[in-house]
Amino acid sequence: MSASMSSGTAEALGPDEGPGAKSGAELLAALLDGMDAALCAFDADGTITHWNREAERILGWSAEEAVGRPGFAGWAVRRADEGEVRGRLMAAMDGPGRRVHEFALLRKDGGRVLVRTQSAGVRGADGRPAGVYCAFSEVHAQIDLERSIALSEALLEDASWGVVLVDADLRPAVVNAHAARALGVGRAALLGRPLGEVVVRGVEEVEGALQHVLAEGAPPAPAELWVTLRTAEGERRRCWRSGFLRLASPLAEEPVPLGVGWLFQDVTAERLAAQEADRTRFRSNQLHRASRSASECEDPMEAATSYLDYALAGFADHALVDLVVGERLVRVAATPSGEPGPCLPVAAGSLPLRYATGHPALRAVDRKGSVRASAGSGPGAGEWAVERQWPGDAAHALCAVLRSRGRTLGVVTFLRSGHRAAFERPDAAYAESVAVRVAAAVDLAQVLRPGG
């Protein structure tokens, strides 16, 4: 409440009993003038004794015009309403606590304004009722404030997205229920603690976004952040669509950052579905391109390796083709073991491979299906590929059997290095689609081979 006090208002604060009393009255007048809500006061007879600047701003009546009037009748309230308004206001003098009412008051220009009042009694030195003070504000301003408070409480309690208020040190100060569930912690467990305690990977991106908002303000559009969370069930990778708001104190003359409001929704399922759709579309396009390329190859084995060259893009680092010769497998084509390159026939194609029992390629032949294998993260991971006669950087393998006309012709092996993810079920389906085409080309090559 802001306010304006006349000299008459200052005199109403008490008798002038010297410089101390005068300075006290001036201090009180200054305090009332500095308030952000309208304030007026009545003595026990209902005469106005105080009127501040905010009251003048709302109603247009100055302190000189208001102080000393016997209530609101005829100037700030219609005479027909004066009895009810006076009765409600002065009733606060005889009871404890505050009374809240809504009245229609008159402006000096003749307009009406609906105000919400809070009134309370004032006691004298002897403990007897001495008057009433009344703070009031326009109802729409009060409703705006209540609406803002209600919105804040709803966001922090019932919102269907996560809300985290982060202080200037980038530590959570408030976490709503949805955010706590998303982070896998209790609402109070993370307060004042670093985000890195629950965000294993991706915390640098989150904190970088928070620092940017503190320094530069909110970004123009939401951002999608991938994070890995540490939970009781293990690590979980999530994608959060995040919006950020810089929080500044409304009470400071210049904006003082209080922290950042971080709002996010979990869009992991949507992003994974979009990624899967993109991957499927890309792989389908690669198979189409491979088929067109293979159709131009005179040599069926060249067509087989052409399929693999197209299949490797974005899928694997190496491809090996082992064919069944008698009771053994023989390597007939492979990509270079060092730098990436095309799949080409190998010089020592006639020598059988000494695969140990349980080798993934042998298991694929026995099962007539696909087999996935990974080196793991143990100390012997580096020897895993060498023992299986694969390039030394291989850490994940997918063996797909080559079948044509009801016969097993061999195995195609796809390999990934350690910095890539292990093969999954959708990868096996794609590898089998490639293997069908490679098997058809190999079968044709064997049919056309002299003596085949």
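Colleague: Which residues on the other side of α8, away from its buried residues, are exposed?

Modeller: This is a predicted model, in which local features need pLDDT of at least 70, side-chain atom pairs count only at pLDDT 80 or more, and totals for chains, interfaces and linings use all residues. Residues are numbered from 1 along each chain as its sequence is written, and side-chain values use heavy atoms, with hydrogens and water left out. Helices (H or I, at least four residues) and strands (E, at least two) are DSSP runs numbered from the N terminus, while buried means under 20% relative accessible area, exposed over 50% and partly exposed in between (1.4 Å probe, protein chains only). On the other side of α8, the exposed residues are E204, A215 and E216.

Colleague: Within what arc do the buried residues of α8 fall?

Modeller: The buried residues of α8 are V203, V206, A209, L210, V213 and L214. An α-helix has 3.6 residues a turn, so residues three or four places apart point the same way. The arc is taken from the directions that lead from the helix axis to the C-beta atoms. Seen down the axis of α8, the buried residues line one face of the helix, because they fall within an arc of 135°.

Colleague: Is Q211 buried, partly exposed or exposed?

Modeller: Q211 is found in helix α8. Its relative accessibility is 46%, so Q211 counts as partly exposed.

Colleague: How far does α8 reach from its first C-alpha to its last?

Modeller: Helix α8, residues 203–216, has 14 residues. The expected span of a helix is 1.5 Å times one less than its number of residues. For α8 the expected value is 20 Å, and the helix comes close to it, reaching 20 Å.

Colleague: Which strands stand at the edges of the open sheet of six strands?

Modeller: The sheet has the order β7-β6-β11-β10-β9-β8, with antiparallel pairing; two strands pair if DSSP finds at least two bridges between them. Two of the strands have a single partner each, so one side of each is left without a neighbour in the sheet; they are β7 (172–175) and β8.

Colleague: Which element supplies the largest share of the largest nonpolar core?

Modeller: A nonpolar core is a set of buried Ala, Val, Leu, Ile, Met, Phe, Trp, Tyr and Cys residues joined through side-chain atoms within 4.5 Å. The largest one has 34 residues, and L308, L402 and F414 have the most contacts inside it. Among the elements that each supply at least two of its residues are α9, β16 and α13. The largest share, nine residues, comes from α13.
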